[in-house]
Amino acid sequence: MDQQPKDDIDIFEPTVTLDQTHYQEGYKNGYDDGLVSGKEDGRQVGLKMGFQVGEELGFYQGCLDVWMSAIRLDQDAFSARVRKNMEQLAALLSNYPLSDPENNQVQDMMEKIRMKFRVIMASLGAKLDYEGRPTSSKEDF
Amino acid sequence: MDGRGGAVELRETHRLTGHADRAWALAWNPNLGAGASPVLASCGGDKTVRIWKRAPDGGWQCTDVLEDTHNRTVRSCAWSPDGKLLATASFDATTAIWEYSGGDFECVATLEGHENEVKSASWSQSGSLLATCSRDKAVWIWEMQPGNEYECVAVLQGHTQDVKMVQWHPILDILVSVSYDNTIKVWADDGNDEWHCVQTLTEADNCGHSSTVWSISFNQKGNRMVTCSDDCTLKIWDTSIDLSQPETGEGHESWQHVSTLTGYHGRTIFSAHWSSGDFIASGAGDDAICLFVEEKSSMVEGPSYRLILKKEKAHDMDINSVRWCPQDPRVLASASDDGTVKLWELRGNILA
């Protein structure tokens with residue numbers, strides 16, 4: 001009787017797929033490594049971004065706290081219009097979703113807050129600026 | 001008109017030199033004392049503002065140089081309606097307010113707020129509001145308070161590009177802005193400090209410009225305005241509707257396109273100015289000045305505009321600004337990239 005070749009075993013398969021096996025092993029190692037370092041990097045970036053946002057919002061809140069104190073001492077420290085702007089800034093700050101960074105409106109809200117702060121600064125004739133914030137985007141000529 | 005005979009011509013009467021760089025803009029003081037002679041302010045790339053007055057011998061001299069305040073180009077200047085204050089808009093992102101009293105100029109306030117180059121400033125007729133606009137695409141409205149303090153009333157965002165010029169309506173508190181985004185926007189408030197855009201004039205919907213709009217000027221009555229553009233045309237608009245009034249219901253009326261003046265300049269028209277009479281002057285990148293007259297005809301649906309003359313080679317380079325003298329409606333001033341300011345007199349019988 002002729003020995004029947006077993007169709008489901010290719011004796012050359014391990015040789016031919018050697019590079020594929022190595023690739024898969026390497027891929028798995030890399031992926032596992034990446035998972036670990038990615039988590040760490042992600043954490044660092046998240047901490048940094050969170051800190052920046054928090055610092056900027058804290059800065060505006062700090063300014064507001066001082067202004068509110070000034071108003072308590074002297075009701076007429078600021079004009080009605082400037083007081084209204086300060087109240088609007090306070091509302092914008094309290095509405096900012098601090099615990100929801102994925103909220104896709106945060107960029108918009110931050111822009112509104114920055115603009116409201118600049119309007120108050122312009123009206124007070126003060127040159128105070130939040131140091132950390134990015135300058136305006138690309139130039140167009 | 002004035003019965004003077006002779007062919008119509010725009011005669012150059014004076015050439016004012018002094019700016020060390022291009023002359024960007026001009027402003028005539030609108031409110032002088034009785035019998036006082038005209039005062040012209042010019043500003044430019046040399047970071048200064050120059051004040052020009054007629055000398056006793058009839059020539060013109062530079063009586064003041066306002067310097068050491070702006071540290072970049074002064075792009076435009078505007079006198080308050082009472083003639084006592086001069087606002088200067090600069091590429092250094094600030095607008096300075098100068099007080100003119102006792103023949104002396106003093107910088108009494110500096111308005112900061114724009115993110116980059118301020119292009120234009122305009123005082124409302126009521127005198128208490130000042131509008132500024134900038135490459136940052138925004139228009140700021142300021143209100144003057146006692147003691148030379150200026151409060152920001154509103155920041156108007158809507159243009160999608162550099163805003164080239166702002167101009168208040170001569171009577172109402174309505175503001176017009178024109179931009180690199182090819183549109184003209186009209187702004188009004190609801191009586192409660194809330195300003196919003198009440199109309200945008202575009203190419204698609206209103207027969208508007210197809211390229212950057214550089215300049216806007218109202219006629220004296222405020223029922224017409226002229227705009228000019230990089231598309232080499234001037235457009236006249238019917239602005240008789242009071243857009244500051246709230247509309248009830250549908251059918252919100254709008255400002256309408258009246259006429260497009262095309263084929264008169266071969267390059268970007270940078271400036272247009274409507275005199276207190278019926279004349280419109282335009283200055284362009286083809287170094288020419290064109291003068292048009294509004295003709296009221298009962299035969300046509302509305303006024304039409306006729307070219308009176310084209311002054312070729314009025315300057316050696318681009319003309320950035322043309323301004324009619326409020327006290328003498330036949331005198332025109334022009335400012336150019338060639339650094340000079342020229343004074344012209346319109347002579348002859350227009351009606352002939």
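This is a short walk through a two-chain model, starting with the overall make-up of each chain and ending with three single residues in chain B. The model is predicted, and I will keep that in mind throughout.

Chain A first. Chain A has four helices and zero strands, and along the sequence the pattern reads α-α-α-α. Of its 141 residues, 23% count as buried. The surface that chain A exposes is about 11,000 Å², and carbon and sulfur atoms supply 55% of that. As for contacts within chain A between residues at least 6 apart in sequence, 62% join residues at least 24 apart.

There is one annotation to mention here. In an unreviewed entry, UniProt places "domain: Essential protein Yae1 N-terminal" at residues 26–64 of chain A. In the model, that span is 100% helix and 0% strand, and its end C-alpha atoms lie 56 Å apart.

Now chain B. Chain B has one helix and 28 strands. Its radius of gyration is 19 Å, close to the 20 Å from the globule rule for 352 residues, so chain B is as compact as a globular protein of that length. Along the principal axes, its C-alpha trace spans about 60 × 55 × 35 Å. Of the 352 residues, 57% count as buried. The accessible surface of chain B comes to about 13,900 Å², with 43% belonging to carbon and sulfur atoms. For contacts in chain B between residues at least 6 apart in sequence, the share joining residues at least 24 apart is 50%.

What does the record say about chain B? UniProt, again in an unreviewed entry, lists "repeat: WD" at residues 16–53, 67–99, 111–152, 156–187, 206–238 and 312–352. I looked at two of those spans. Residues 16–53 of chain B are 0% helix and 47% strand, with the end C-alpha atoms 11 Å apart. Residues 111–152 of chain B are 0% helix and 62% strand, and there the end C-alpha atoms lie 9 Å apart.

Next, one sheet in detail. Which strands make it up, and in what order? Four strands of chain B form an open sheet, ordered β1-β28-β27-β26, with antiparallel pairing. The edges are β1, residues 9–16, and β26, residues 319–324, each of which pairs on one side only. Neighbouring strands in this sheet are turned by 25° against each other on average, ignoring direction. Inside the sheet, β27 of chain B, residues 331–336, pairs with β28, residues 341–347, in the antiparallel sense over five bridges. One bridge to point at on the screen: B:Ala335 has B:Val341 in β28(B) as its partner.

A second pair worth showing is β14 and β15 of chain B. Strand β14, residues 163–168, is mostly covered, with five of its six residues buried. β14(B) pairs with β15(B), residues 175–179, in the antiparallel sense, again over five bridges. B:Val163 has B:Ser179 in β15(B) as its bridge partner. The two strands form a hairpin, with six residues between them.

That leaves three loop residues.

The first is B:Thr73, in the loop between β5 (60–66) and β6 (74–79) of chain B. Is B:Thr73 buried or exposed? Its relative accessibility is 14%, and because the cut-off for buried is under 20%, B:Thr73 counts as buried. Beyond its neighbours within four places in sequence, B:Thr73 is in contact with B:Trp24, B:Gly44, B:Gly45, B:Lys47, B:Ala89, B:Ser90 and B:Phe91. B:Asp46 is 27 residues away from B:Thr73 in sequence, yet their C-alpha atoms are 6.1 Å apart.

The other two are about backbone angles. Most residues other than glycine have a negative phi. B:Asp193 has a phi near 70°, a positive value in a residue other than glycine. B:Asp193 sits in the loop between β16 (184–189) and β17 (195–201) of chain B. With a relative accessibility of 26%, B:Asp193 counts as partly exposed.

B:Lys313 is not a glycine either, and has a positive phi of about 50°. Where is B:Lys313 in the chain? B:Lys313 lies in the loop between β25 (304–311) and β26 of chain B. At 56% relative accessibility, B:Lys313 counts as exposed.

That is what I have on this model.

How values were computed. Residues are numbered from 1 along each chain as its sequence is written. Chains are lettered from A and ligands numbered from 1 in the order in which they are written. This is a predicted model: local features need pLDDT of at least 70, side-chain atom pairs count only at pLDDT 80 or more; totals for chains, interfaces and linings use all residues. Side-chain values use heavy atoms; hydrogens and water are left out. Buried means under 20% relative accessible area, exposed over 50%, partly exposed in between (1.4 Å probe, protein chains only). Contact means heavy atoms within 4.5 Å. Two strands pair if DSSP finds at least two bridges between them. Axes are lines fitted to C-alpha atoms, for helices over the stretch in contact, and angles run from 0 to 180 degrees between N-to-C directions. The radius of gyration is taken over C-alpha atoms; the globule rule is 2.2 Å times the number of residues to the power 0.38. Accessible areas come from the Shrake-Rupley method with a 1.4 Å probe; for residues, only the protein chains shown count as cover. UniProt positions are given in the numbering used here, feature names are shortened, and annotations may be inferred rather than shown by experiment.
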